[in-house]
Amino acid sequence: MSVVQKIKEATAKGINHLYGVSLLPNEVLVNATKPEFEGDYTVVLFAFIKQLKKSPDTLGQELGDFLVSSFPDYFVSYNLIKGFLNLVITDGYWLEFVATNYHNDDFGQTPANGQRVMVEYSSPNTNKPLHLGHLRNNFLGRSIAEILRINGNEVIKTCIVNDRGIHICKSMIAWQLFGNGTTPESTHTKGDHFVGNFYVQFNDEYKKQIEALKAKGIPEEIAEKEAPIMKATQQMLLDWESGNPEIMHLWRTMNSWVYEGFDTTYKRIGSDFDKTYYESNTYLLGKDLVEKGLEKGVFYQKEDGSVWIDLTADGLDEKLVRRKDGTSVYITQDIGLAEQKQKEFNAGQSIYVVGDEQNYHFKVLKLICLKLGLPSADGIYHLSYGMVELPSGKMKSREGTVVDADDLVTEMVNIARQKTEELGKVKDFTEEELLQLYDIIGLGALKFFLLRVDPKKKMVFNPEESIDFHGFTGPFIQYTHARIKSILRKSLTQLPPLENLSPNSLLLPLEKTLSIHLEMFPSVLQDAAIEHDPSKVAIYVFNLAKTFNSFYTEHSISNAETDEKKILRLQLAQITAKVIKTGMGVLGIQVPERM
RNA sequence: GGACCGGUAGCUCAGCUGGAUAGAGCAGCUGCCUUCUAAGCAGCAGGUCAUUGGUUCGAAUCCAAUCCGGUUCACCA
């Protein structure tokens, strides 16, 4: 149990014991004590004074006395300032914590809880390469999966590939028209970029044709529909749906190029999936559910034959679930896929990592699933994240302001190389070790940058300034880890095995501050899981690294004042390194032994 | 127009189940490498928490209104 939890329970017990009032531990507000006051944790008393009819001073004194005398293993003393009861935790508690965890490789890992969770993320289109927005999505998805896993859940990572539809046909048409039989191989181009280029060409040509028609006096709206290349694309979609062998062949070939490219990128950024769904397999799902919904009266049919659900009572609108021609719409296949996932994996929770522009869609999806009585409905959770914008505003593919994922990763790794060479600390590394280090640092900087802010909020990526390796960044934390490892390499060889410290040693302020930070790691992980928010972990690990660096500068570890101190500090350093490694690991970021 | 989200230091962001004098990083300015890695540390400076009211012992945090920005409300996906 964490100290904070202990304080809450002890306080509830104390109030019950002293005044006969029963209180839930979680009704007690416990904060870290502000640095300018004496104490480690603070109980805020204001909430109770009215109910207990006590002055803050009396209540604080009576409660403080009770806590110190009843839980001497936890509390040495207290002081009262206005309604704040500042508690000083015993050094023994922190020493015990350090002694039991410095060799615990699983510190932070919660035992399996029997829950199964699905996390769907990435959902790329197979007509263009991944960009910065996809990176945020991938890093978030991967990270939330790891956070749930470390909290004891069994996690299944899934991906839905949007591999069919009119947008896919656009790049296919363009290849037919302009490709001249070229392939990624013949042009030495990464497959997803190769296909993406044709998607761009489609749009260029389409624009030209519209202009040409407009020049003939045809209104824009009509021109958009009548442009020959668009008509050809629509015909191709029909051919695809009817299974035309030539089109199917082209479709498979071009998609395989894209997958090859995606695989390279995914491998590089560390995304992987336990199960990949393809829209070409799932787009017909959900049709039977429309029938069931009609029978149940959840849906209704209009005169033209189209099927709808009325969500106005829930504050939403009416929503179409089947067109009048009998074909299903986007949301219908999502309902079908939700059911399919349920049948296949029976997970209690199903998380969708999807941009906030689809908030409405997921609200509707969950509501419909609930009304249909799908057993999985309650577990649907939309992990909605904000768009990544540039200083100039939103990224727009039409204006060529999209930041390509592969380019960005390459650039980050190059900068990592450049900085590393400037510092010249790892000149003895082999070429292979160097390349690995550049990857770790470059990707670490990028991932940390995208994960350190609240997922819900949109964020600005400034290519000039965002690529920083100092301060609140991944490399700063990686550097802290490398420093610790350096000490441990040197000191552990010449030291007897670490032993438990006598509990009467006194902790210096920075030793204690570090202990306090380390001790809260499990509750941070828990909080991150509950909130579905990796940034909580990022912020925590940064603060931990900062705390360690202050400690490191102030106190020598290998030349500590006494052997006891040396052992204690080595233990602290060791836990810190482990927590950094685990915490960063949960963010999908590796930490180097040296840098 | 309806619904939802956001507005905190020059910039990027924490803090938001109400609690002590609102915190980081970057940028700017001062110091600190003959001692465990200076990708570091210590410090200075920087704020009408969009605005106005309300709720109360106490509001960046809750409520209302207003202003500004965004997303969404397709027989698109």
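1. A residue counts as near the RNA if one of its heavy atoms lies within 4 Å of it. Please keep in mind that this is a predicted model. With that cut-off, 62% of the atoms of RNA strand B within 4 Å of the protein belong to sugar or phosphate, and the rest to bases.

2. On the protein side, 62 residues surround RNA strand B, and the closest are Phe84, Asp304, Lys425, Tyr479 and Tyr552. By class, this surface has 25 nonpolar, 13 polar and 24 charged residues.

3. Some individual polar contacts may interest you. The side chain of Arg483 places an N or O atom 2.7 Å from a phosphate oxygen of RNA strand B. Bases are reached too: a polar side-chain atom of Ser306 lies 3.3 Å from a base nitrogen, and a side-chain N or O atom of Thr420 is 3.3 Å from a base nitrogen. Several elements give two or more residues to the surface near the RNA, among them helix 15, helix 16 (405-423) and helix 18 (474-493). Helix 21 gives the most, with 8 residues.

4. Now to the sheet. Its 5 strands form an open sheet in the order 7-6-5-11-12, with parallel pairing. Strand 7 (275-278) and strand 12 (380-385) stand at the edges with a single partner strand each, so one side of each has no neighbour in the sheet. On average, neighbouring strands are turned by 25° against each other, direction ignored.

5. Within this sheet, strand 5 (residues 116-120) and strand 6 (residues 154-161) pair in the parallel sense over 5 bridges, and Val119 stands opposite Lys157 in strand 6. Helix 15 (residues 359-372) packs on the sheet, touching strand 11 (349-355) and strand 12, and its direction makes about 175° with that of strand 12.

Note on methods. Residues are numbered from 1 along each chain as its sequence is written. Chains are lettered from A and ligands numbered from 1 in the order in which they are written. This is a predicted model: local features need pLDDT of at least 70, side-chain atom pairs count only at pLDDT 80 or more; totals for chains, interfaces and linings use all residues. Side-chain values use heavy atoms; hydrogens and water are left out. Two strands pair if DSSP finds at least two bridges between them. Helices (H or I, at least four residues) and strands (E, at least two) are DSSP runs, numbered from the N terminus. Axes are lines fitted to C-alpha atoms, for helices over the stretch in contact, and angles run from 0 to 180 degrees between N-to-C directions. Contact means heavy atoms within 4.5 Å. A polar contact is a pair of N or O atoms within 3.5 Å; within protein, one must be able to donate a hydrogen and the other to accept it, and residues adjacent in sequence count only if both atoms are side-chain atoms. Ala, Val, Leu, Ile, Met, Phe, Trp, Tyr, Cys and Pro count as nonpolar, Asp, Glu, Lys and Arg as charged, and the others, Gly among them, as polar.
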